[in-house]
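Please open the structure in a viewer and keep the sequence panel visible beside it. The tour proceeds from one selection to the next and states what is found at each stop.

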Amino acid sequence: MAGILRYLEKVTRGLKMDVLREAGRQYPVSCVLLLSLLALTLLLNRYLHILMIFWSFLAGVTTFYCSFGPESLLPNIFFTVKPRNKRQEQELFPLGNSCAVCGKVKCTRHRPTLLLENYQPWLDLKVHSKVDASIAEVFELVLENFVYPWYRDITDDEACVDEVRMTFRFFASVLVRRAQKVVKEAVM
């Protein structure tokens with residue numbers, strides 16, 4: 001009995017069963033299809049001429065994968081579309097800084113330290129004074145025509161209107177920053 005077990009152990013080492021087992025775990029559908037095709041070939045050997053269609057298809061797919069796979073030594077005959085290298089500008093981390101908890105630059109685990117310009121995008125924004133005055137005038141006209149007529153009936157408190165002004169300012173600043181970013185990327 002011990003001799004048979006040693007013999008089976010040598011056979012399993014020779015067949016590298018652990019490699020086959022791992023392949024079965026990684027590619028279960030492919031292995032099931034291959035084993036079923038093998039079983040059908042053994043059971044229905046009378047219809048081998050029909051089963052050769054499926055074996056030929058399998059051989060073609062395998063050859064194609066081996067020839068044009070990512071680890072192939074053959075040159076790639078297909079055109080690969082590579083995206084342009086965009087600068088990896090991090091929106092949440094200040095440039096050159098990292099996570100305050102772990103110290104990594106691209107930390108996905110901890111809450112990143114936010115840039116001040118994400119809270120106040122109008123800081124360090126260079127806009128001509130006439131453009132700024134015109135935009136402020138448009139927003140004041142919107143407030144006069146659409147907010148004040150109904151808001152004055154409710155209360156005299158200006159807190160809500162000031163919040164709407166801040167929202168308008170934030171909205172316009174974000175639009176200007178994004179437009180400047182698009183223009184900067186188009187130039188590059």
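**First stop: Leu-37**

Select Leu-37, which counts as buried because its relative accessibility is 12%, under the 20% limit for that class. The model in view is a predicted one. Leu-37 belongs to helix 3, the run of residues 28-43. Next, display the surroundings of Leu-37: apart from residues up to four places away in sequence, Leu-37 touches Leu-51, Phe-54, Trp-55 and Leu-58. For one of these partners, Leu-51, draw a distance between C-alpha atoms: Leu-37 and Leu-51 are 14 residues apart along the chain, and the separation is 8.1 Å.

**The whole chain**

Now zoom out and colour the model by secondary structure. Which elements make up the protein? There are seven helices and zero strands, and the order along the sequence reads α-α-α-α-α-α-α. Colouring by accessibility adds a second view: of the 188 residues in the protein, 12% are buried. For contacts between residues at least 6 apart in sequence, 38% join residues at least 24 apart.

**The loop before helix 6**

Select Gln-120, in the loop between helix 5 (116-119) and helix 6. Gln-120 counts as partly exposed because its relative accessibility is 31%. From the C-alpha atom of Gln-120, draw a line to that of Met-166; the two residues lie 46 residues apart along the chain, and the line spans 9.8 Å.

**Helix 6**

Select residues 129-154, which form helix 6. The 26 residues of this helix reach 35 Å from the first C-alpha to the last, close to the 38 Å expected at 1.5 Å a residue. Where does helix 6 bend? The bend is at Val-147 and amounts to about 55 degrees; a proline, Pro-149, follows within four residues.

Show the side chains of Phe-139, Leu-143, Val-147, Tyr-148 and Tyr-151, which are buried in helix 6. The buried residues of helix 6 pack against helix 7. Then move to Val-142, also in helix 6. Val-142 is partly exposed, since its relative accessible area is 28%. With neighbours within four places in sequence set aside, Val-142 is in contact with Val-147 and Phe-168.

**Helix 7**

Select residues 159-187, the extent of helix 7. What distance separates the end C-alpha atoms of helix 7? The distance is 42 Å, in agreement with the span of 42 Å that its 29 residues should have at 1.5 Å a residue. Highlight Val-161, Ala-172 and Ser-173, the buried residues in helix 7; the buried residues of this helix pack against helix 6.

Centre the view on Ser-173 in helix 7. Ser-173 is buried because its relative accessible area is 6%. Beyond its neighbours within four places in sequence, Ser-173 is in contact with Pro-121, Trp-122 and Leu-125.

**Where helices 6 and 7 meet**

For the final stop, show both helices together. Two packed helices are described by the distance between their axes and by the angle between them. Here the axes of helix 6 and helix 7 come within 11 Å and cross at roughly 145 degrees. The crossing of helix 6 and helix 7 is right-handed.

Which residues form this contact? On the helix 6 side, select Ile-135, Phe-139, Glu-140, Val-142, Leu-143, Val-147, Tyr-148 and Tyr-151. On the helix 7 side, select Cys-160, Val-161, Val-164, Arg-165, Phe-168 and Ala-172, which meet the helix 6 residues. Colour the selection by class: the contact of helix 6 with helix 7 has twelve nonpolar residues, no polar residues and two charged residues.

Technical notes. Residues are numbered from 1 along each chain as its sequence is written. This is a predicted model: local features need pLDDT of at least 70, side-chain atom pairs count only at pLDDT 80 or more; totals for chains, interfaces and linings use all residues. Side-chain values use heavy atoms; hydrogens and water are left out. Axes are lines fitted to C-alpha atoms, for helices over the stretch in contact, and angles run from 0 to 180 degrees between N-to-C directions. Helices (H or I, at least four residues) and strands (E, at least two) are DSSP runs, numbered from the N terminus. A crossing is left-handed if the near helix is turned anticlockwise from the far one by less than a right angle, and right-handed if clockwise. Contact means heavy atoms within 4.5 Å. Ala, Val, Leu, Ile, Met, Phe, Trp, Tyr, Cys and Pro count as nonpolar, Asp, Glu, Lys and Arg as charged, and the others, Gly among them, as polar. The expected span of a helix is 1.5 Å times one less than its number of residues. The bend at a residue is the angle between axes fitted to the seven residues ending there and the seven starting there. Buried means under 20% relative accessible area, exposed over 50%, partly exposed in between (1.4 Å probe, protein chains only).
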